[in-house]
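Colleague: Please pick a single part of this model and walk me through its surroundings, step by step. I am in my first year, and I would like each term explained as it comes up.

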Amino acid sequence: MSASLGKTSLDPVSAVLTRELHAAILNRYFQVFCVLALAGGIGAALLADTPDAAPMLILQLALYFVSLFALLTGTSSARAESQEWPLLFAQPIPRSAFLAGKFLALVAIFAGVLALLFLPALFVRQADPAFLLLYGHTLTLAAGCVALGLCAGFLARDRVQGLVLGVSAWLLAILGADLVALLAARLSFLQRWPDLWAVFLMLNPLDAFRIDALFWLERIPAEAARETSLTNWWLDHTGLWFVTISLLWMAALLAVAGRHLRHWED
Amino acid sequence: MRLASLGSAPVPGAANGLSPLRILCERSTCAKSLLRRGLRNQHASRVRYPEMILAADLIKRYGHKEVLRGLSLEARPGEITILVGENGAGKSTTMRILAGLAAPDGGSAAIGGHHIVQAKLSAQRALSYLPQNPDFHPRLTCLQLLNFYARLRGVKKARIDFVLKEVGLTSVREERAGALSGGMRQRLGIALLLLPDAPVLLLDEPGLSLDPAWRNRLQAILLEEAARAKTILMATHLIAEWNAVAQRCLLCHAGRIERELDPNDLPNDFDMLAKRGAAAPGSACASHAREDAFAFTNFSSATHVKDRFGEAPKPAGEGARAPRAL
């Protein structure tokens, strides 16, 4: 009985997942992303002077290109059938199942498409654990940005507003937070709390990804930064922290989107 | 409990302090088994069943604007009930509340005995809804959309072919929804309405994008569905087209059901309806209005439905008749 109940509760999610896969194949954002990801992957493989340089190039692509496309895909997907919501939400499925199906489908699609970015590098280097971990973390980053895009798309009144909201949040995360930190660093009294800086960076998944890659993948000596116990702990567990903070952000963003959808009225 | 007495009988348990919702749910168990029997009955339309759609004292506000002001109605299996009224009367809002797309600010509504707010998914399982101007994911084909909704509702794939044939879209099944004309989208919406074979059908202005031939076909489809003991509630302002097709016609005005009209003598437009309602005594229009009054008014859907939810009925006014026997 529990098996049949489980099947019933997963049916709407898998139905939405299949629908999203069908729609994504014809999504222009996605088609462009696939071409650029493959071109980026080939470029990283060709331009790398040494085998170890390829992941560093891929890291830059992941940070600035994958994250932005994941966000745009999420927003586009959220708004794609907004005109169909009256029909869709009159069906006996929880609206959270609709959101969960969309999110899982987009993450599954990114898992496949990111292979286009990573596979060409395997012609110049081996698939060692560090490289596989970079793939995993890039996928986590993409999932976080998909969640941000879905949240922006569902909160907005139309596609344009969703894109403006999503891209603004992305710019804030990738540039704005660091800019604020840079300006705040001029205030001498703030320098007395180094943990404040660490927390500020730790809470931003894009910064957590950047720090993780720099201190783990690049193996930069980090002794200079080990001033407090918090930074010590973070630098010892950058990967774990990145995945944790990303999952927390994803849960929060999907919860906000789900709450908004639950209260949406035609 | 005799079938014929279900409609007008005092609500059992009301005197014992049972909540209206519980009374309704107890009724629904009976209603469902009756409905199952009814669907097998070839002469289903001759049998009277309890209401599948009940709404009592619905209130809905958008900001400071009160769109529904205590609207009450009921609809029974085997009947096509149409909700008519001018723009802004509250028809579409009522349909959206009944479909679970908007929550009422006051009052109660139930579909098949399931409260539309407290047991929304159960209520939605019993209904199928066609919104005004249905629109779809532009990149998906008709077949992909029907497959998706069939999976959501647990419908077998064989029914997809049947509904496509019913609405004449078999030849465009592989076309993307974004490439369909307005009328074709409406017909795809009708296909999705029929797909789950739900006992309650809600339609909001279904004829607006259809040409006359397809509007006639829609009427024929709905009559067939009603003959299969479906409960059909439809909002429209194309009043005259439904002359002698619908079994009941409720006039919605300013967020309330104002009165019930003779479904066999529906006027062409609302001006005529207003003239009838406000005609001087002795005039032909007044005679129509009196006939309406004699046969249907004081329908007092409100009074009657409140009674079903457990409240005492209001006394009928002078010259009023008791609610139509069920």
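Modeller: Happy to! Let's start at Val245(B), which is in contact with Ile80(B), Gln219(B) and Leu223(B) once neighbours within four places in sequence are left aside. Here, two residues are in contact if their C-beta atoms, placed from the backbone, lie within 7 Å. Before going on, please note that this is a predicted model, in which local features need pLDDT of at least 70 and side-chain atom pairs count only at pLDDT 80 or more, while totals for chains, interfaces and linings use all residues. As for names, residues are numbered from 1 along each chain as its sequence is written, and chains are lettered from A and ligands numbered from 1 in the order in which they are written.

Val245(B) sits in the loop between S8 and S9 of chain B. Those labels stand for strands: helices (H or I, at least four residues) and strands (E, at least two) are DSSP runs, numbered from the N terminus. Val245(B) counts as partly exposed, because 19 other C-beta atoms lie within 10 Å. The cut-offs are these: a residue is buried if 20 or more other C-beta atoms, placed from the backbone, lie within 10 Å of its own, exposed if 12 or fewer, and partly exposed in between. Twelve residues along the chain from Val245(B) is Leu233(B), and the C-alpha atoms of the two are separated by 13 Å.

Leu233(B) takes us into strand S8(B), where six of six residues are buried. In a regular strand the side chains alternate between the two faces of the sheet. In S8(B), Thr231(B), Leu233(B) and Ala235(B) on one side are buried, and Ile232(B), Met234(B) and Thr236(B) on the other side are buried too.

Now for the partners of S8(B). Strand S3 (residues 80-84) of chain B runs parallel to strand S8 (residues 231-236) and is joined to it by five bridges. Two strands pair if DSSP finds at least two bridges between them. Opposite Leu233(B) in S8(B) stands Thr81(B), and opposite Ala235(B) stands Leu83(B). S7(B) also pairs with S8(B) in the parallel sense, again over five bridges. There, Leu202(B) has Leu233(B) as its bridge partner in S8(B).

Stepping back a little, these strands belong to an open sheet of six in chain B, with the order S6-S7-S8-S3-S9-S10 and mixed pairing. Strand S6 (127-130) and strand S10 (256-261) are at the edges with a single partner strand each, so each has one side without a neighbour in the sheet. From one strand to the next, the twist averages 20°.

Helices lie across this sheet. Helix H8 (residues 212-227) of chain B crosses S3, S7 and S8, running at about 150° to S8(B). Helix H3 (residues 91-98) of chain B lies across S3, S7, S8 and S9, at about 145° to S7(B). Such angles run from 0 to 180 degrees between N-to-C directions, and the axes are lines fitted to C-alpha atoms, for helices over the stretch in contact.

How does this part fit into chain B as a whole? That chain has eleven helices and ten strands. Of its 326 residues, 48% are buried. Among its contacts with a separation of 6 or more, 69% are between residues 24 or more positions apart.

Its partner, chain A, has eleven helices and zero strands. The radius of gyration of chain A, taken over C-alpha atoms, is 20 Å, close to the 18 Å that the globule rule gives for 266 residues, so chain A is as compact as a globular protein of that length. The globule rule is 2.2 Å times the number of residues to the power 0.38. Buried residues make up 40% of chain A.

Finally, the two chains meet: 20 residues from chain A and 24 residues from chain B take part in the contact. On the chain A side, helix H1 (2-25) and helix H4 (85-88) each give two or more residues, and H1(A) gives the most, with six. By class, that side holds eleven nonpolar, three polar and six charged residues. Ala, Val, Leu, Ile, Met, Phe, Trp, Tyr, Cys and Pro count as nonpolar, Asp, Glu, Lys and Arg as charged, and the others, Gly among them, as polar.
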